[in-house]
Amino acid sequence: PPASDRISSKMIFAAVVYCLAALPPFLAQVCLVFGAPWGHLTMGGKWEGALPPRIRPVAAVQATLLLCLMTIALDQGGVTDFGWPSWSLWPALALTYLTTLGNLATPSPRERLYWGPLTLIMSGALSWIAFL
């Protein structure tokens, strides 16, 4: 059925939870693009301090993906209508799961500590929307 036929308050809640959990990593990636000294919190913790300028576009791509994922969650959860097709939920869910696995398996203890729990929450919230 169309997403609008199955929207519930639980789905709206899940979409908001997803976005609240995704907001810190999104903001961190934006800050990394502009030179924040948090290289240890991304990409396996390979860089202390600011990311090298040649790597900052990767943080921009990550921020853009997170923004897209948040808008997909809001759309499919019934909060907004950005126009994402219903099938967009499935690649978003797959990417969120892969991100969670990466954050739980990273060699960086700080990434595991900060992003692991948030991406687990994101995976659960988006799963709720997908399978509710």
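Colleague: Which residues of α4 are exposed?

Modeller: L98, L101 and A105 are exposed, on the other side of α4 from its buried residues. Please bear in mind that this is a predicted model.

Colleague: And which residues of that helix are buried?

Modeller: The buried residues of α4 are L89, A92, L93, T96, T100 and N103. Viewed down the helix axis, these buried residues fall within an arc of 100 degrees, so they line one face of α4.

Colleague: Why would residues a few places apart point the same way?

Modeller: An α-helix has 3.6 residues a turn, so residues three or four places apart point the same way.

Colleague: What span should α4 have, and what do its end C-alpha atoms give?

Modeller: Helix α4 covers residues 89-105, which is 17 residues. At 1.5 Å a residue it should span 24 Å, and its end C-alpha atoms are 24 Å apart, which agrees.

Colleague: Let us take T96. Is it buried or exposed?

Modeller: T96, which is found in helix α4, is buried, because its relative accessible area is 1% and the cut-off for buried is under 20%.

Colleague: What is T96 in contact with, apart from its sequence neighbours?

Modeller: Leaving aside residues within four places in sequence, T96 is in contact with Y18, L69, T119, M122, S123 and L126. L69 is itself one of the buried residues of α3.

Colleague: How far apart are T96 and W84?

Modeller: They are 12 residues apart in sequence, and their C-alpha atoms are 17 Å apart in space.

Colleague: Moving to α3, what span does that helix have?

Modeller: Helix α3 runs over residues 56-76. Its 21 residues should span 30 Å at 1.5 Å a residue, and the end C-alpha atoms are 30 Å apart, which agrees.

Colleague: Which of its residues are buried?

Modeller: In α3 the buried residues are A59, A63, L66, L69, M70, T71, I72, A73, L74, D75 and Q76.

Colleague: What does the side chain of T71 reach?

Modeller: The T71 side chain reaches the backbone oxygen of C68 at 2.8 Å. T71 lies in α3 and has a relative accessible area of 15%, so it counts as buried.

Colleague: Which residues further along the chain does T71 contact?

Modeller: With neighbours within four places in sequence set aside, T71 is in contact with T80, F82 and W84.

Colleague: What happens just after α3?

Modeller: G78 takes a positive phi of about 85 degrees there. V79 lies in the loop between α3 and α4.

Colleague: How accessible is V79, and which residues does it touch?

Modeller: V79 has 38% relative accessibility and so counts as partly exposed. Not counting residues up to four places away in sequence, V79 touches I12, A15, V16 and L74. Of these, L74 is a buried residue of α3.

Colleague: And where is P24 relative to V79?

Modeller: The two are 55 residues apart along the chain, and their C-alpha atoms are separated by 20 Å.

Colleague: Turning to the loop between α2 and α3, which backbone angle is notable at M43?

Modeller: M43 has a positive phi of about 50 degrees although it is not a glycine. M43 sits in the loop between α2, residues 9-33, and α3. Its relative accessible area is 25%, so M43 is partly exposed.

Colleague: Is P53 buried or exposed?

Modeller: P53, which lies in that loop between α2 and α3, has 64% relative accessibility and therefore counts as exposed. P53 and C19 are 34 residues apart in sequence and 28 Å apart in space, C-alpha to C-alpha.

Colleague: Now the whole chain, please. How many helices and strands are there?

Modeller: The protein chain has 5 helices and 0 strands, and along the sequence the pattern reads α-α-α-α-α.

Colleague: What box do the C-alpha atoms fill, and what is the radius of gyration?

Modeller: Along the principal axes, the C-alpha atoms fill a box of roughly 50 × 25 × 20 Å. A compact globule of 132 residues would have a radius of gyration near 14 Å, and the protein chain has 15 Å, which agrees.

Colleague: What share of the residues is buried, and what area is exposed?

Modeller: Of the 132 residues, 42% count as buried. The chain exposes about 7,000 Å², with carbon and sulfur atoms supplying 73% of that area.

Colleague: And how many of the contacts join residues at least 24 apart?

Modeller: Among contacts between residues at least 6 apart in sequence, 61% join residues at least 24 apart.

Technical notes:
Residues are numbered from 1 along each chain as its sequence is written. This is a predicted model: local features need pLDDT of at least 70, side-chain atom pairs count only at pLDDT 80 or more; totals for chains, interfaces and linings use all residues. Side-chain values use heavy atoms; hydrogens and water are left out. Helices (H or I, at least four residues) and strands (E, at least two) are DSSP runs, numbered from the N terminus. The expected span of a helix is 1.5 Å times one less than its number of residues. Buried means under 20% relative accessible area, exposed over 50%, partly exposed in between (1.4 Å probe, protein chains only). The arc is that of the directions from the helix axis to the C-beta atoms. The radius of gyration is taken over C-alpha atoms; the globule rule is 2.2 Å times the number of residues to the power 0.38. Contact means heavy atoms within 4.5 Å. Accessible areas come from the Shrake-Rupley method with a 1.4 Å probe; for residues, only the protein chains shown count as cover. A polar contact is a pair of N or O atoms within 3.5 Å; within protein, one must be able to donate a hydrogen and the other to accept it, and residues adjacent in sequence count only if both atoms are side-chain atoms.
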